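Visitor: I am new to this structure and would like to be guided through it. Please begin when the model is on view.

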Amino acid sequence: MDTPTTTSPPAPPPANALACVINCAVYHDGVRQDIPLEHISDVLAKDDGSFVWVGLYEPDEHQLDELQEEFGLHDLAIEDAHSAHQRPKLEVFGSTLFMAVHTAQLVDHHLRLGETHIFYGPRFLLTVRHGASLSFAPVRQKLEREPDRLKMGPVVALHGVLDFIVDNYEPIVDAFAEELDALEHAIFAEDFSRGTIRRLYTLRKELTKMRMAVLPMQDILKQLVRIQDFGIPDEARPYFRDIADHAARTADIIDVQREMASTAMNTNLSLVTINQGEVVKKLAGWAGLLAVPTLVASWYGMNFHHMPELDHPYAYPVMIVLVAAGCIALYRYLKKVRWL
């Protein structure tokens, strides 16, 4: 008798599979309904005007492979989403747009950059966050309070996510401006601090990193406005142009701050050089004052046979008075020319 064959059950998903999923919902007529990942393809198969919005945070390969199957995503796009070290870009894969944008956060007063990979299709939006990146939960909550906007489809969610990312650049730039203002006051302090120039250098480096995140965002948004036939209605394009203008304004502010930081560093070094010159001048002035009695004392230390004080009882007092008068006259002169 044949022995029945047994099949082993499928391997369970990784323990962190569900932890990666921040949001998975379908929106129909602006109303949200949470669904499991494995039902995404079933929802997309029905042409009922709904769209799916999924948010992930640092997913693993198993999670991305499952989403690739559910959404029908391109292999190269999924390969890029695996890595958190992509340059900002916008690419087209069939009917899907793939965007890689940089996000930023201030952690313990230091800039930390992250990445968000966005997959946008006619009926879905998938966001994959890596590293320093704020949750998009406020965007979802705000849009869910406006169901009429959600009826427009995933373009509204895409606009909300990009607008949220660009808006979060502003408080970071404001914090940099406050720190730069404080450092400018520290530059003109009486005492030189090595920490001031060190912090100026760090600030300029962080501004450069911030610039590398903001500048490509302008190009991505401009390309997004120009792209046709990807479910972005004409009435929505001005909103994306507004985000691009916001990003451009932020980039301009960063450029100004970088220039100001560079100027502050040069000013700090110039002030240090000037201060050192003042110290050298004062040392030279005091050395000049000491030179007068030193010169006279050197004459009297040569052991001549004929010295004034040997024959004249008032020679020492007269010589002391003359030396003191010479020192006082030199001191007043050095004071007048600000060498002392």
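Visitor: Is Thr116 buried or exposed?

Guide: In this predicted model, Thr116 is a residue of strand S6, which covers residues 110–121. Its relative accessibility is 0%. A residue counts as buried under 20% relative accessible area, so Thr116 is buried.

Visitor: Which residues does Thr116 touch, not counting residues up to four places away in sequence?

Guide: Thr116, in strand S6, has partners on both sides of its own position in the numbering. With the residues up to four places away left out, the list is Met99, Ala100, Val101, Thr103, Thr127, Val128, Arg129, Ser133, Phe136 and Ile165.

Visitor: What percentage of the residues in the protein is buried?

Guide: The protein has 12 helices and 7 strands, and it counts 340 residues. Of these residues, the buried ones make up 41%.

Visitor: Which helix gives the largest share of the negative patch?

Guide: The negative surface patch consists of Asp167, Glu170, Asp174, Glu178 and Asp181. A single helix, spanning residues 169–187, supplies 4 residues of the patch. The largest share therefore comes from a helix whose limits follow DSSP runs, and its name is helix H8.

Visitor: Is Glu170 buried, exposed or partly exposed?

Guide: Glu170 has its place in helix H8 and belongs to the negative patch. Its relative accessible area is 38%. Buried means under 20% and exposed over 50%, so Glu170 is partly exposed.

Definitions and conventions:
Residues numbered from 1 in each chain as written. Predicted model: local features only at pLDDT ≥ 70, side-chain atom pairs only at ≥ 80, totals over all residues. Heavy atoms only, no water. Patch = residues over 30% accessible without salt bridge, like charges linked within 9 Å, V, L, I, M, F, W, Y side chains within 5 Å. Areas by Shrake-Rupley, 256 points an atom, 1.4 Å probe, with all protein chains shown as cover. Salt bridge = Lys/Arg side-chain N within 4 Å of Asp/Glu carboxyl O. Lys, Arg positive; Asp, Glu negative; His and termini not counted. Charge placed at Lys NZ, Arg CZ, Asp CG, Glu CD. Helix = DSSP H or I, 4+ residues; strand = E, 2+ residues; numbered from the N terminus. Buried < 20%, exposed > 50% of the residue type's maximum accessible area, 1.4 Å probe, protein only. Contact = heavy atoms within 4.5 Å.
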